[in-house]
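This report walks a newcomer through selected features, beginning with helices and ending with cysteines and a few separations. Please keep the sequence and the model at hand while reading.

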Amino acid sequence: MSPNKEFWSSSKGFVLAMAGSAIGLGNIWRFSYIMGKYGGAAFMLVYLAAIFLIGLPIMLCELSLGRASGKGPLEAMTELAPKRTTLSFFAAVALTLGAAAFAFKGMYFHAGVTGFFALGALLFGWGFLGFTVTFLTPLMIAVFYSVVGGWIIIYTIVSPLGKIFREPTVSAELLDNIVTASGSQYWVTIAAAAAFFLATAFIVMAGVQKGIERFSKIFMPIIFILIIVIIIRALTLPGAKEGLRFLFLPDFSKMSAEGIMAALGQAFFTLSLGAGVGIAYGSYLGKSSSLPKTAITIVIMDTIASILAGLAIFPLLFATGLSPQEGTSLVFKILPAAFGKLPLSPLWGTIFFFTLLLAALTSSISMLEGAVQGIMQKLYLGRAKAVILLILVLGPLVPLTAVSAANYANIPKLGKFFSETLQLRSDSFFAILDNTTCLWLMPLAGLMTLLYVSFVWGKKKAMEEMNCFNAFEWLFSNIWFFVVRFISPVLVIMAFLKGLGIFF
Ligand code: PHE
């Protein structure tokens, strides 16, 4: 396998591309509905702790693995150390025990999946982690992300007409029909999701500098400006204060074990961790950039984006007397109603959905890049051919997910298979993809990456790759490695155990 031939044109281009990956639907759509669900400020505190104690350290691990190996997520880890090590063997043993525990509880699907991972870890060692973060996780995300991307395309197109804002029932009905892909919206939903997926693929096809970097460089600043426009509008409304209270005054009675797992999952999702992105993008980075500085910048930009999105959304909701507890449809159903109460609603609404669309695209391209890089290197294909192969293989899953985003009414047979035969309790295929990736695959891959850097790659090489330019960076890197070895893994494991109801 040959190393990369492409590179970012500058450190700034790289930071904007990584920030483009991180800032997306996760910050606006997912963050706001999850925060609404788990009680606002208390959730935010746990989330911030997860970002800085787990997210930032893992991001630095991923970037350094990518740059050190000069290869994408598929082979970075096997390039830097032997394929199978004692640790990968223990991981396989732990996964086998996990599979046995699931089987014992009668959860055969979970047992099967965990068993599959155990076998993969046993046979391919760290190569299997590479496979998971190159293909499995990011591509599963790309599929459900395209469905939401499709909804956003529809909203961006109908916003200027203003009807969804003037008549809230129109928006509610539109969304119901779109999300359930029913009635007149069946084909529209499919076409929109497909359009989003293909748009993503075409940007990736244009390459690292001309596609990903250029697109992110142009649109990231625009996204920030547009969010600020909406915030100014929201904060100048009477009653906006309630929204600020919801965002910043914690009520810990609302914090549950489920909320803690959700905060962890959100930290992984929003920073694009455990999905190969940091390794893929890091592999195109020149040696002269400082990793601590870039990683801190990216994480801070992402956190600011989430808080800004919160500042735009919650004051608007409270000022217009609407509830933040709406769930996945919050930005689709409730926000149009909120915009509708303002003068010039089509303007605000169009700005909002257009921002969301841009942010979603700069993220979705990063989900495909690692896989495209892996296909190019393994199969010796050019970029265009690798992208086409990906479209052909992954494409059919997009309409399937689009028509089963809310429930299985459109595909009853498959629904029965998922819910009865496989005993998957989620109410839609969409929810299966979302839950499996955010609550399981990403945190697990993150944990394994931490252990890999701590105990397999080791301190000496990791510190070398940090490439510190001054005393502050040196100190930061030492603290980073300590956190990677002793703090982040413990926290991830605790959150897992708590999520499973085993711990406290
Ligand atoms: N971070 C992106 C967002 O917040 C989602 C994402 C997850 C992107 C995983 C790439 C990989 O929307």
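The expected span of a helix is 1.5 Å times one less than its number of residues, where helices (H or I, at least four residues) and strands (E, at least two) are DSSP runs, numbered from the N terminus. The model is predicted, and local features need pLDDT of at least 70, side-chain atom pairs count only at pLDDT 80 or more, and totals for chains, interfaces and linings use all residues. Residues are numbered from 1 along each chain as its sequence is written, and side-chain values use heavy atoms, with hydrogens and water left out.

**Three helices**

The table sets the expected span beside the separation of the end C-alpha atoms.

| Helix | Residues | Length | Expected span | End C-alpha separation |
|---|---|---|---|---|
| H3 | 41-69 | 29 residues | 42 Å | 40 Å |
| H7 | 126-158 | 33 residues | 48 Å | 47 Å |
| H13 | 257-270 | 14 residues | 20 Å | 20 Å |

For helix H3 the two values agree, although H3 bends by about 35° at Ile51, the bend at a residue being the angle between axes fitted to the seven residues ending there and the seven starting there. Buried means under 20% relative accessible area, exposed over 50%, and partly exposed in between (1.4 Å probe, protein chains only). Because 22 of the 29 residues of H3 are buried, the helix is largely enclosed by the rest of the structure. Gly70, with a positive phi near 65°, follows H3.

Helix H7 likewise has a separation that agrees with its expected span, and it bends by about 40° at Thr132. Of its 33 residues, 28 are buried, so H7 is largely enclosed by the rest of the structure.

Helix H13 is mostly covered, with 11 of its 14 residues buried, and among these buried residues are Gly259, Met261, Phe268, Phe269 and Thr270. Just after H13, Ser272 takes a positive phi of about 55°.

**A nonpolar patch**

Which residues make the nonpolar surface patch of about 780 Å²? The patch is made by Phe89, Phe90, Val93, Leu97, Leu119, Leu122, Leu123 and Phe124, and the elements that give two or more residues to it are helix H5 (86-104) and helix H6 (108-124). Patches are made of residues with over 30% relative accessible area and no salt bridge, like charges being joined within 9 Å and nonpolar side chains (Val, Leu, Ile, Met, Phe, Trp, Tyr) within 5 Å. A salt bridge here is a side-chain nitrogen of Lys or Arg within 4 Å of a carboxyl oxygen of Asp or Glu, and accessible areas come from the Shrake-Rupley method with a 1.4 Å probe, for which, in the case of residues, only the protein chains shown count as cover. Phe90, found in helix H5, is exposed, with a relative accessible area of 51%.

**Cysteines**

A search of the whole structure finds zero disulfides, a disulfide being a pair of cysteine sulfur atoms within 2.5 Å. Why is the sulfur of Cys438 not in a bond with the closest cysteine sulfur? That closest sulfur, in Cys61, is 20 Å away, which is too far for a bond. Cys61 is buried, with a relative accessible area of 0%, and Cys438 is buried with a relative accessible area of 0%.

**Separations along the chain**

Gly36 is found in helix H2 (residues 25-37) and is buried, with a relative accessible area of 0%. The C-alpha atoms of Gly36 and Pro399, 363 residues apart along the chain, are separated by 29 Å. Glu420 has its place in helix H20 (residues 412-421) and counts as partly exposed at 48% relative accessibility, while its C-alpha atom is separated by 41 Å from that of Gly349, 71 residues apart along the chain.
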